[in-house]
Every structure is written in C-alpha cells, then in structure tokens.
Amino acid sequence: MIFADAFAWLLDAANWTGSRSIPVRVGVHLLYCLGAVLGAAAIAVPLGLYVGHTGRGGVLLVGGSNALRALPTLGLVTFLYLVAGGGQVGVLIGLVVLAVPPILAGAYAGIQDVDRGVVDAARGMGMTGAQRLWRVELPNALPLLVGGLRNATLQVVATASVAAYVGIETLGRPLLDGLRVLDYGQFVGGAVLVALLAVVLDVVLALVGKLVIPRGLRLSARPRRRAKAPRVG
Amino acid sequence: MIEFRGVTKRFDDGTIAVNGLDLVVEAGTITVFVGPSGCGKTTSLRMVNRMIDPTSGTVLVDGRDVLTVDPPKLRLGIGYVIQQAGLFPHRTVLDNVATVPLLSGWSKGRARTRAAELLELVGLPAELGRRYPVQLSGGQQQRVGVARALAADPPVLLMDEPFSAVDPVVREGLQDELLRLQAELDKTIVFVTHDIDEAVRIGEKVAVFREGGVLAQYAPPAELLARPADDFVAGFVGKDRGYRSLSFVDAAGVEVRPVETADEPGGDGRWRLVVDADRRPQGWRAPDGSTVPGGSLYESGGPVRGALDAALSSPSGLGVVVDAEGRLAGVVEARQVLDVIESRRG
C-alpha cells in the first residue's frame, strides 16, 4: 500500500509545479551536492596528492580524516547553521566536511598505491618531482581518486536531505513532511527520489571515470589477456 | 668511465651499506656487481645516478663528481633499468620508450620515431608499440625496459637485477640479447645481480661484494673462478667453479671425429646418431634399435665447457658437435676433452 501511495504522490501533477515541486527540490538538492563535492575536492585532492607524493604527514592525514568521519552530520549541519546564523553556508560547510574524507583517502591512497618500481623508474630516468607527480603518479592514481569522488557523492546525496531540517528545499523536505503528518506515500516517494538521484550520479561518474582513466590501467583491471603476438621474450 | 673513490654510505639507522669502496668501471665494458643481499651492490649502483647520495667519498662519471650535477639532469644522461622493468602502465609501449627523449625536449614525432627504432633494436615487433605494458609477457616488458633506457643513447647504463624476475630460459635469452646489443653499442654498463652464474656469463669484470658493503674481489670472471681472493669469494662462486671456469677455456686441440649415422647401412650393436635431411642431430639409435633423445649439443669453436657437457650428457658417451647452422660436425669424447684441459695446465 505504501508503494502505491508513493507512486500516487510521485505522479500527482500538483507535486510537479510550483516553488516546492519535485523538479525544484531535485535541482536544489543537486546544487548542494555539486557545491559540496566540488568544494571538498578543491581541498582534498591537492592535499591528498601532496601528502601522497611527498610521503610527509601521512599519519596526520589518516588520523584527521578518520576524526572528520566520526562527526555526526546532522549535529554538525545544525551546529553550523546556528553558528553561521542561518543561511545555506552552514549546510554547505557541513556537507563539505562530510565529503572531504573519502576524496582525501582516494587521492592519497591512489598516489601511495602506484607501483614503487614505476615511481623509482620515473625518478631514475630523470623526471623532476613535479613531472613525476603529473605524468606518472596522478594518471595512475585516477582509478582510486575517481572512486573516492563517487563515494563522496553518494554520501553527500544521501545527507543533503538533512538540509531540510534547517529549512532548505532539498529532497529531504518530503521525508520530513511525510513523517510529520504520517503521509507515508510522500515519505517513501521522497526516499525513492534520493536513491534514484544517487544512482544516476554514480552512473554519470562511472562514465566520467571511463573517459579520464587511461586505457592501460583499465586493461589491467580486467583479467589478464594473453598477448596475441608471438612471444619473443 | 665510472669511478668510486673511498665511497661510504651509512643509512640513518646506522647500517653501513657501502664501506670505503674504491673501484673503476672501465668505459665500454659490462661490469657486474654481485653478492648476497645486503652487501651494498644496489646501493653502490644507485649512487651513480644519485638515487642515493654517499655519506662520504666521491663518485665520478667521466671525471665529473656526480654531486655537482642536478639529479634530474644527471639521470637524463644515464640509462636506468630495474627489476620488473617499472614500465608506466598508463602509457603505450612506444610512449614508454619515448619517455627520456621527450623529457629531454625532443619533438613528439622525433621521439616516437626513435622509440620505434629502439623496439626493433631489442628485437620486438613494431606493432607491440601500440600495446600497453600489462599486455606484454615478463620478458617482453624487460626488453621494453632496456629499449627505454637506451632511447636517448646514454653512454652509461645502470641495470639493477633486470632479469631476476623472469624464468631461467627467458633470462638466458635476455642475457644473450644484452651481449649482442653491447657488441653493437659499446656502452659502459653496470649490472647488479645476486646470481653468480649470470655475473660470470655477462660480465667482462665482476665485483664481488660481501656483507657490510665491502668489496671482496674485483676481477675478470675467469680469474674469479680460477683464483678466488679468499674463502668468502670461493664459497660465493660456488662448488662447481672448477667446472664453470671451463667456460673461459677455448677448445682448440679437442679432436672432433666423424660418427656413424643411423641412415647408413650396417652398424648393428653400436650407438648411431639420428640426423634429419639437413644433417641436424635428432637423437641416438641405441644398440638395441630403440631411439633415445640426445644430450646437449656443442657448437664448434665454443669454450671447452660445452664440449665436456655434450660428452657427459650424451647417452652414447659421445658429445655431438654441430656447426653454426646446427648441422652435424662430428663427435668428441669426454676423456679426450679432459686430456686437453689437463695439457693446458702444464
């Protein structure tokens, strides 16, 4: 029955127009997610690359990002909202804090996981530190880095719902409203939308990954293929 | 020429990796650093291109103290090959080989043309250039590693256990290939290995290191096997050193005599050699009429070790001698080979 109600809610034309309609809420939700992931990436990617490349501060980085992970998001968003005196900035900062750890972990682990022999060869052939980072370490770190971005995106999409607590029209709104008036159709309908959005974004990022991750690395992720040429070595 | 003058490397934890190394690597030779693990051979190699800097002492490349040269610039002029090749997985084989020329400022087109030449030089088909490292066998990857190190035509080549991760048969092929390349290119090569057989096989001079980073002996391989400086070197070169030293004795004076082949009539009750239409040995026909596989073949003109091995491994006791094309030249007897070895002693 709940799903029928949810379906009815989703298909109700009244929910598709106006300033509190589904499209508007999806748009707002997306905007917050995009802002949060981009903001987090702007902080976490350079930091992760630097620490991974130099090997300095790895312990601090891992400890720090675990501490960030332990923060309760709802509490943080509410706290920042109160501290920032209302407005969207508090919510955005809360989501950025949430998105930083997975991206940081992806960037750092991506660089750290590059085969030591490959890095040694790059150095031994005469690459400077910067050349090594941009031409060798970063391209090889992309699979894990993109993975970190996907993780962060999923978490942010799910958590952006809490922004509704402080009055922002994200997809958390129907969840809260539905719960308050025991309108489970609205509640489940909102949840379905959040889940759908998460899946769509993940697929989009997977495609982006296919575009940016070098072919040679994608080949190695698959089961090893027999070389077709005659073996000469 | 590479020169180590009183070079010592002490790591932060206090271990001494290299202790007072004095050694000259002659230009245009293959010099092998060999020793057990922890003997400082790799550390010594890595001090040449400043992957590690010495605690004291001087390393000179062509008379210039390497510490006076900026590391990336120094390394662009020194080829570097490591174990498991260390190819860049995200680049094609061709672009891997073109790395150093591109870093040195060549145009993309010129660097790729050069890379294609190098692939050919190391015996890889051109179409392999479009592949990625993960699509190659271990031996192919090592060849690409060598091609990549040679791409900018550096006078010095550093090779750190380059062939130790491939199987023995492939390794032998790669060693032969290196010797062939060296005959053509005349580089100054420093080659690190823990395998004494590899060392005496490819080295023109061999430096044996012992634990604690001390040079135990520095000599041509024949001398190393014949006159080890002390018990450590004698133990390291191994029990079979008397036999292995025969690799450096030429076989002049060993009598090669004809042999009956199985396609000739008669000969019952004797061992006869089976040959194909091109007179390539195929095995032996035993006196009871059965056919058994042959032993190792000795190519005429090679060192006496091959002749003795051919005789000892042959089911008939006769070592089969072939010419450069692999065609039957005759047979030798172990007793006769030993006589020649004995006579050399006197």
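Two strands count as paired here if DSSP finds at least two bridges between them. Keep that in mind for this tour of a predicted model.

**Stop 1: a three-strand sheet in chain B.** Select strand 15 (residues 318-322) and strand 16 (328-333) of chain B. Strand 15 and strand 16 run antiparallel and share 5 bridges. Now click Val320(B). Which residue of strand 16 is its bridge partner? The partner is Val331(B).

Add strand 14 (297-299) of chain B. The sheet is open, has 3 strands in the order 14-15-16, and shows mixed pairing. Strands 14 and 16 of chain B are the edges, each pairing on one side only. From one strand to the next, the twist averages 35°.

**Stop 2: a hairpin in chain B.** Go to strand 1 (residues 2-10) and strand 2 (residues 16-25) of chain B. Their pairing is antiparallel, over 6 bridges. Click Arg10(B): its bridge partner in strand 2 is Ile16(B). The two strands form a hairpin, with 5 residues between them. Select Gly14(B) in the turn; its phi is positive, about 95°.

**Stop 3: where chain B meets chain A.** Show both chains. In all, 35 residues of chain B are in contact with 26 residues of chain A. On chain B, colour helix 2 (71-76), strand 6 (78-82), helix 4 (99-103), helix 6 (138-150) and helix 7 (168-185); each supplies at least two residues of the side that touches chain A. Which element gives the largest share? Helix 6 of chain B does, with 4 residues. Finish by colouring this side of chain B by class: 18 residues are nonpolar, 13 polar and 4 charged.

Definitions and conventions. Residues numbered from 1 in each chain as written. Chains lettered and ligands numbered in written order. Predicted model: local features only at pLDDT ≥ 70, side-chain atom pairs only at ≥ 80, totals over all residues. Contact = placed C-beta atoms within 7 Å. Nonpolar A, V, L, I, M, F, W, Y, C, P; charged D, E, K, R; others polar. Axes fitted to C-alpha atoms, helices over the stretch in contact; angles between N-to-C directions.
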